[in-house]
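Thank you all for making the time this morning. I would like to walk through one model with you, going from single residues to the overall fold, and I will try to keep to what the coordinates support.

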Amino acid sequence: MTDYAEEQRNELEAIESIYEDSFTVLSDEPTSFTITVTSDAGEQGETVEATLKFTYVEKYPDEPPLWEIYAQDNLEDGDALNILTLLQQQAEENLGMVMIFTLVTAVQEKLNEIVDLMKNRQEEEKRRKEREAEEAEKVAFQGTVVTIENFLAWKANFELEVAELRHKKQKEEEQTGKTKLTGKQLFETDHNLDTSDIQFLEDAGNSVEVDESLFQDIEDLDLDEDDPDFDPLEMGSDED
């Protein structure tokens with residue numbers, strides 16, 4: 001008849017000596033303890049860690065112990081599930097033999113694999129970001145490809161903006177009563193323009209004399225300044 005209690009005590013003593021710094025007894029009835037397992041450090045010093053909790057059942061090792069991940073560090077949920085699956089597989093393969101050391105060793109190897117996968121994930125993430133940056137640079141360099149659809153959309157928006165600007169300008173002119181005056185109208189409304197050039201020359205120190213007799217009959221002239229073909233030089237030639 002198998003003495004389960006004796007086998008469990010002997011294994012517990014061996015486990016405590018092997019994992020002295022990471023072994024903690026939680027209870028004696030039933031026997032429950034934790035072992036903290038840490039991966040080897042990766043190239044960047046990264047590690048993953050899992051604290052495994054084991055509880056002996058009455059007929060252990062003919063029946064598997066209970067286990068759970070008691071605590072974890074830098075371990076993703078998917079990796080934690082893989083570890084639990086690994087423990088189940090190892091326990092089934094080692095029924096009838098004390099197996100805590102075998103289970104912990106399997107988890108240790110799994111954590112090392114996870115660190116290697118982390119490196120691959122980081123490299124893949126780096127390559128992905130580089131590809132995205134290259135694509136963004138290409139788009140910025142090439143600009144937007146012109147198609148019939150986006151050209152027509154741009155044209156419609158442009159025409160709408162122009163129409164709005166014209167309407168706004170027309171409305172402002174109507175509100176202010178602003179109209180564009182011709183040169184003749186400017187002289188008729190502002191008599192200061194008649195002497196502005198003369199005043200300018202006098203201020204500059206130049207003496208200007210004006211023969212007013214030249215302008216006595218100017219009102220009798222039939223001048224059509226609005227005629228685009230009007231040429232004052234032709235009038236002088238006709239008189240000759």
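Let me begin with a cut-off, because I will lean on it throughout: a residue is called buried when its relative accessible area is under 20%, exposed when that area is over 50%, and partly exposed in between. Please also keep in mind that what you see is a predicted model.

With that in hand, take Ala 80, which is found in helix α2. Its relative accessibility is 11%, and so Ala 80 counts as buried. If we set aside the neighbours within four places in sequence, Ala 80 is in contact with Ile 69, Gln 72 and Leu 75. The C-alpha atoms of Ala 80 and Glu 68 are 9.9 Å apart in space, with their positions 12 residues apart in sequence.

Two other residues of this helix are worth setting beside it. Asp 79 is also placed in helix α2, and, because its relative accessibility is 7%, Asp 79 counts as buried too. Leaving out the neighbours within four places in sequence, Asp 79 is in contact with Ile 114 and Arg 121. Asn 82 lies in helix α2 as well, but at 39% relative accessibility Asn 82 counts as partly exposed. From Asn 82 to Lys 110 there are 28 residues along the chain, while their C-alpha atoms are separated by 8.8 Å.

Now to the interior. Which residues have the most contacts inside the largest nonpolar core? That core has 30 residues, and the ones with the most contacts inside it are Phe 33, Ile 35, Phe 54, Ile 83, Ile 100 and Leu 111. The elements that give two or more residues to this core are α1, β2 (32-38), β3 (49-55), β4 (66-73), α2 (77-93) and α3 (100-142). The largest share, 8 residues, comes from α3. As general background, nonpolar side chains tend to be buried together in soluble globular proteins. To take one member in detail, Ile 100, with its neighbours within four places in sequence left aside, is in contact with Glu 11, Ile 15, Phe 33, Ile 35, Phe 54, Tyr 56, Tyr 60 and Pro 65.

I turn next to the second largest pocket, which holds about 250 Å³ of space. It is lined by 14 residues, and those closest to its centre are Gln 8, Asp 28, Glu 29, Thr 31 and Tyr 56. Helix α1 (residues 4-18) provides the largest share of this lining, with 6 residues. In character, the lining of the second largest pocket divides into 6 nonpolar, 2 polar and 6 charged residues.

Some points of backbone geometry deserve a careful look. By way of background, most peptide bonds are trans, and most residues other than glycine have a negative phi. Where, then, are the cis peptide bonds that I would like you to inspect? One joins Glu 29 and Pro 30, with omega at about -10°, and Pro 30 lies in the loop between β1 (23-27) and β2. Another is the bond from Tyr 60 to Pro 61, which is cis with omega near 15°, and Pro 61 lies in the loop between β3 and β4. As for phi, Asn 74 has a positive value of about 65° although it is not a glycine. Asn 74 lies in the loop between β4 and α2, and at 43% relative accessibility Asn 74 counts as partly exposed.

One more loop residue is Gly 45, between β2 and β3. Gly 45 has a relative accessible area of 48% and is therefore partly exposed. Gly 45 and Val 115 are 70 residues apart in sequence, yet 9.8 Å apart in space, C-alpha to C-alpha.

Let me finish with the chain as a whole. It has 7 helices and 4 strands, and, read along the sequence, these follow the pattern α-β-β-β-β-α-α-α-α-α-α. Of the 240 residues of the chain, 20% count as buried. Among contacts between residues at least 6 apart in sequence, 50% join residues at least 24 apart. The accessible surface of the chain comes to about 18,600 Å², and 50% of that surface belongs to carbon and sulfur atoms.

How values were computed
Residues numbered from 1 in each chain as written. Predicted model: local features only at pLDDT ≥ 70, side-chain atom pairs only at ≥ 80, totals over all residues. Heavy atoms only, no water. 1 Å grid on protein atoms, 1.4 Å probe; cavity = no way out; pocket = protein on both sides within 12 Å on 5 of 7 lines; lining within 4 Å. Points joined across faces, edges and corners; volume = space filled by probe spheres on them. Nonpolar A, V, L, I, M, F, W, Y, C, P; charged D, E, K, R; others polar. Core = buried A, V, L, I, M, F, W, Y, C linked by side-chain atoms within 4.5 Å. Buried < 20%, exposed > 50% of the residue type's maximum accessible area, 1.4 Å probe, protein only. Contact = heavy atoms within 4.5 Å. Areas by Shrake-Rupley, 256 points an atom, 1.4 Å probe, with all protein chains shown as cover.
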